[in-house]
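Got the viewer open? Let's take a short walk through some strands, one selection at a time.

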Amino acid sequence: MKRIVCFLLIVTLFLIPCSSASAWTCFRNEEGQSGANTIHAATPIDTNTTGPKWKKRFSQSMGSVMNSAPVITEKNIYIVSKDILYKTDKEGTVLSALQLCASMNSMCHMASDGKNLYIPLGGGLLQCVDMDTMTSVWTSESFGGQSLTTVYIHNGLVYAGTTSGDGSEGCYYCVGAEDGKTRWSYQNETYPCGYYWSGAVSATLPAEECLLFGGDNGILVSHSLASDQVYDTLDLSSITGSKGKIRAGITYDAASDAFYTTSNNGYLYQIHMGENGKFDRVNSVFLGDSAGKTVNCTSTPTIYNGRIYVCSYYDNAGRISVIDAGTMHTIYAAATGMADIKSSPLVSTGYATEENHHRVYVYFTQNTVPGGIYYIEDSSAAESADIKTLYEPKNNPQFCLHSLAADAEGTLYYSNDSGTFFAVHEGFASGGILPSPSPNTPADLPAAPTEVPGTSTVSSPSPAPAPQQTAPGTASKKKIRPGKPSRIRIIKKKKHRGKYKVTLSWKKGNQSKKTQIKIKGKKPKTVSGSKYTLSLKKGVHTIFLYGYISPSQKSSAARIRFRVS
């Protein structure tokens, strides 16, 4: 397909892979543009110092609990657990919660247009919620079944799919973002199927746009965006001779002007579109080394700098494959132990330079206990890599189907099947600044809403810590032990001549009159407020903050390690 695309636009898309610097709008941050699931930030790479800045378990249920994939804005995080939507700040404090019209299914990949959230729920429902007021705007008709696909938003329309438990039945549908009214729904009458973990993306054609999606029948569909019209279909088994299910999303890469997806029988596809929504040519590559061994793949590929990253399960081991987008040949694959990898890889370009051959860090989870974060280091010159462990939870171990999300500060976010939501970064290896919630007493859990489901909002401010009590007449004899600072935030702004203006803010520790700040190689600074600005050079810095009353009355240190670049 010949697109009329300016060369400079392609270069711009290539150099700036993240479509939004301050927001993660949906699963994989897929907005139909090049660079989905990439982040240009200094993500954590030091295993020894990486841990949860905070973690939270929203549900009181025992055993396996699923959370939704998060939506992240500059200031807030939105996440669904069971039938409640939670809005937190970036420190993990629940600001408000809304009881939804139904519970989520085992997966919930909601999406945001910056004003509203569009949440797929059980019974084939889609609920629209105002992100500011946390009130329900509308609920769609029920399309039946489970809602397991990724919600996709484009030009005022919202797309999602449904499935039966075995993937044999379901539909794909389109509703209006403003009113929730159905514009069209699609079912393949000849080869009916469900849409299970799959997703859609829009394609720009010379004459108009179309919507691409696939399902458990292994058939790709090219559909009109707004009307009930099918432009073309393609059975992927006609390409490989092997029948598989499409249980992954579809993503676009501008450099190769192609769309990419996978099938669960272990194939990666490169799809070029022709005019009028027709499929033009399709290339494929098998994700295993031998066709005689079983491969399972539910991973949506991520593309950067001409390399495709995709996860799978091959020969009883999880693996991540690195594939040349130009030739569709495997450059190399790295394998784990006996652990399936269901997630889609997140690529961090925050360290990539011409000098280091565009070095990137590629993150994923594994569907086995303890449900942590793993990564490889890759570059345009690399021909192999070892899978490394970044972080594994000790107190909340479980299997993990989730992929990772990230924000502009490089914090990694995900949930494992314990229902625990983790915010992970360097400098928090001791377990994070906020205490870990007990599985039976989740922190900041709001009381059950009492108004009509779908419209009620529940606020849940964090209670202030209780002051320490001392017996009468003994206060002067007892040394008060101040608490260490918490909820530390960093704002970095570049200055001239290689220096950066770094502003720290924090919540004072219990009983602390002041906060002492200590940076290696510099004299300690004691401040009365809860904000301090300093000038730092480019590099990795470790700062210690103490709750302070006097030199003999200091808390233990709250340590934060971060990279200035």
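Select β13 and strand β14 (residues 182–186): the two run antiparallel, joined by 4 bridges. Strands here are DSSP E runs of at least two residues, helices are H or I runs of at least four, and both are numbered from the N terminus; two strands count as paired if DSSP finds at least two bridges between them. This is a predicted model, where local features need pLDDT of at least 70, side-chain atom pairs count only at pLDDT 80 or more, and totals for chains, interfaces and linings use all residues. Residues are numbered from 1 along each chain as its sequence is written, and side-chain values use heavy atoms, with hydrogens and water left out.

Now click on Tyr172, and you'll find Tyr186 of β14 opposite. Follow the hairpin round through the 5 residues between the strands, and stop at Gly180, which has a positive phi near 75°.

Next, add strand β12 (residues 157–161), which runs antiparallel to β13 with 5 bridges. Here Tyr159 faces Cys174 in β13.

Stay on β13 (residues 172–176) and colour by accessibility: is this strand covered or not? Mostly covered, with 5 of its 5 residues buried (buried is under 20% relative accessible area, exposed over 50%, partly exposed in between, with a 1.4 Å probe and protein chains only). One side carries Tyr172, Cys174 and Gly176, the other Tyr173 and Val175, and all are buried.

For the last stop, select the open sheet of 5 strands, in the order β1-β28-β29-β30-β31, with mixed pairing. At its edges sit β1 (38–39) and β31 (388–391), each pairing on one side only. Zoom in on strand β30 (residues 373–378), which pairs antiparallel with β31 over 3 bridges; Ile373 has Tyr391 in β31 as its bridge partner.
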